[in-house]
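Morning, everyone. Please have the sequence and the 3D view open while I talk.

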Amino acid sequence: MKQLLRPLFDRIVIKELEPERFRRSGLLVPAGSNEPPPQHGIVLAVGQGLDWWEHVGVRMPVAPGDHVVFPASAGAWIEVDEERLLVCRVGEILGVLEEVREPKATHVDADRDADADTGGPSRDD
């Protein structure tokens with residue numbers, strides 16, 4: 001039977017992401033025992049928060065599916081159904097990785113770029 005770990009209070013469950021084996025230089029780094037533990041993962045489950053949070057309007061800052069970054073010393077690593085999971089307090093999380101999207105060029109931006117190419121807007125003085 002498959003088990004699901006439900007975190008309590010302000011704890012979250014994170015699944016580790018495999019460390020990147022290829023470096024920018026193209027070098028393949030073999031798996032070894034001297035590697036530091038992973039420091040980023042995907043949130044699988046979140047607790048309901050602490051009792052006093054609701055009274056002051058605090059909500060859980062992460063949700064299942066968020067890609068988070070955490071220090072190597074965060075929480076406790078456990079194994080559930082042969083899967084390695086990190087259980088830690090939400091306060092131990094360093095941040096959430098979000099995708100940055102480049103703004104689309106607008107007609108005004110295209111005009112400004114054209115003006116820069118020609119030395120500025122033409123003036124009839």
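Let's start with a term. A salt bridge here means a side-chain nitrogen of Lys or Arg within 4 Å of a carboxyl oxygen of Asp or Glu. Keep that cut-off in mind. One more thing before we look: this is a predicted model.

Take Lys15 and Glu83. Their side chains meet in a salt bridge, at 3.2 Å from N to O. Where do the two residues sit? Lys15 is in strand β1 and Glu83 is in strand β5, so this pair ties together parts of the chain that are 68 residues apart in sequence. Now look at the surface. Lys15 is partly exposed, at 35% relative accessibility. Glu83 is partly exposed too, at 27%.

How many salt bridges are there by this rule? The count comes to 3. You have just seen one of them. Let's do the others.

Next up, Glu16 and Arg84. Their side chains also form a salt bridge, with N and O 3.0 Å apart. Again the pair links distant parts of the chain. Glu16 belongs to strand β1, Arg84 belongs to strand β5, and 68 residues separate them. Is Glu16 buried or exposed? Glu16 has a relative accessibility of 19%, so it counts as buried, because buried means under 20%. Arg84 is partly exposed, with a relative accessible area of 35%.

Now Arg89 and Asp10. The closest N and O atoms of this salt bridge are 2.7 Å apart. Arg89 lies in strand β5, residues 83-89. Asp10 lies in the segment before β1, and β1 covers residues 11-16. So this pair ties together parts that are 79 residues apart in sequence. Asp10 is buried, at 8% relative accessible area. Arg89 is partly exposed, at 37%.

Let's step back to the strands. In what order do the strands lie in the sheet? Follow me across: β4-β5-β1-β2-β3-β6. That is 6 strands in an open sheet, and the pairing is antiparallel. Find β5 and β1 in that order: they sit next to each other. Lys15 and Glu83 lie in those two strands. Glu16 and Arg84 do as well.

Which strands form the edges? They are β4, residues 76-80, and β6, residues 95-97. Each of these edge strands pairs on one side only. The sheet also twists: the average is 45° from one strand to the next.

Stay at the β6 edge. Strand β3, residues 67-69, is joined to β6 by 3 bridges, and the two strands run antiparallel. Want a residue to click on? Val69 stands opposite Gly95 in β6.

Last stop: the loop between β4 and β5. Asp81 is found there, and so is Glu82. Check their phi angles. Asp81 has a phi near 50°, a positive value in a residue other than glycine. Glu82 has a positive phi as well, near 60°, and again the residue is not glycine. How do they sit relative to the surface? Asp81 is partly exposed, at 38% relative accessibility. Glu82 counts as exposed, at 76%, because exposed means over 50%.

Quick recap. We have an open sheet of 6 strands with antiparallel pairing. We have 3 salt bridges. And we have a loop between β4 and β5 that holds Asp81 and Glu82. Thanks for listening.

Conventions. Residues are numbered from 1 along each chain as its sequence is written. This is a predicted model: local features need pLDDT of at least 70, side-chain atom pairs count only at pLDDT 80 or more; totals for chains, interfaces and linings use all residues. Side-chain values use heavy atoms; hydrogens and water are left out. Two strands pair if DSSP finds at least two bridges between them. Helices (H or I, at least four residues) and strands (E, at least two) are DSSP runs, numbered from the N terminus. Axes are lines fitted to C-alpha atoms, for helices over the stretch in contact, and angles run from 0 to 180 degrees between N-to-C directions. Buried means under 20% relative accessible area, exposed over 50%, partly exposed in between (1.4 Å probe, protein chains only).
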